Amino acid sequence: MQSDEAREVGAAAIVAGGRLLLAQRVGPPELAGLWELPGGKIEPGETPAEGLRRELVEELGVLTAVGGRVGADVPLPNGMVLRAYRVTLLDGEPAALEHSAVRWVGPAELSAAELVPNDRVWLPDLLTLLRVESARQ
């Protein structure tokens, strides 16, 4: 790595119609079947927004606009960091291209969802985001 900056993994908090999009993991075995915010590694030379947009095309087949951060940084092994971003769906219907399923959840379903441990850190922030979005409608 050429800099001291942590490598980033981006996670997309996609909200539409007062609901949040979750994707069900297929692996590794210890995380298979759990739900997460879709996203992935930001490649060298990409901005977080560019990398997250690319990942969402690959994983869900959708075009998106990446907005501001949601919640705190989540440290990962090997000096990496997981960051969530508010993402707006611009075109396409999310499809499970690299997950076993995708689903839209409201606040009660999100609270009850079996989230991957790293994403559970953001649960209060995601619930607030859903409340704010619902109030706008």
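Which side chain of opposite charge is nearest to the buried Glu-59, and how far away is it? The points below address this question and then turn to the strands and cores of what is a predicted model.

1. **The charged residue Glu-59.** The nearest side chain of opposite charge is that of Arg-25, at 7.5 Å. Glu-59 is buried and has no salt bridge. A salt bridge requires a side-chain nitrogen of Lys or Arg within 4 Å of a carboxyl oxygen of Asp or Glu.

2. **The surroundings of Glu-59.** This residue lies in helix H1, which spans residues 48-60. The side chain of Glu-59 reaches the backbone nitrogen of Gly-39 at 3.2 Å. Beyond the neighbours within four places in sequence, the contacts of Glu-59 include Pro-38, Gly-39 and Gly-40, and also Ala-95, Ala-96, Leu-97, Glu-98 and His-99.

3. **The enclosure of strand S1.** Strand S1 covers residues 7-16. The strand is largely enclosed by the rest of the structure, because 8 of its 10 residues are buried.

4. **The parallel partner of S1.** S1 runs parallel to strand S6, residues 80-91, and 8 bridges join the two. Within this pairing, Arg-7 has Met-80 of S6 as its bridge partner.

5. **The antiparallel partners of S1.** Strand S4, residues 39-41, runs antiparallel to S1 and is joined to S1 by 3 bridges. Here Gly-10 is matched with Gly-40 of S4, and Gly-40 is also among the contacts of Glu-59. Strand S2, residues 19-24, likewise pairs with S1 in the antiparallel sense, over 2 bridges. In that pairing, the bridge partner of Ala-16 is Arg-19.

6. **The hairpin of S1 and S2.** There are 2 residues between the strands of this hairpin. In the hairpin, Gly-17 takes a positive phi near 60°.

7. **The largest nonpolar core.** This core holds 23 residues, and the members that touch the most others are Leu-20, Leu-22, Leu-37, Leu-110, Trp-122 and Leu-126. At least two residues of this core come from each of S1, S2, strand S5 (63-75), S6 and helix H4 (123-136). As an illustration, Leu-126 is in contact with Ala-13, Leu-20, Leu-37, Val-70 and Leu-110, when neighbours within four places in sequence are left aside.

8. **A second core.** A separate core of 9 residues is also present, and its members include Ala-12, Leu-52, Val-62 and Tyr-85.

Notes. Residues numbered from 1 in each chain as written. Predicted model: local features only at pLDDT ≥ 70, side-chain atom pairs only at ≥ 80, totals over all residues. Heavy atoms only, no water. Helix = DSSP H or I, 4+ residues; strand = E, 2+ residues; numbered from the N terminus. Buried < 20%, exposed > 50% of the residue type's maximum accessible area, 1.4 Å probe, protein only. Lys, Arg positive; Asp, Glu negative; His and termini not counted. Polar contact = N/O pair within 3.5 Å; in protein donor to acceptor, adjacent residues only side chain to side chain. Contact = heavy atoms within 4.5 Å. Pairing = 2+ DSSP bridges. Core = buried A, V, L, I, M, F, W, Y, C linked by side-chain atoms within 4.5 Å.
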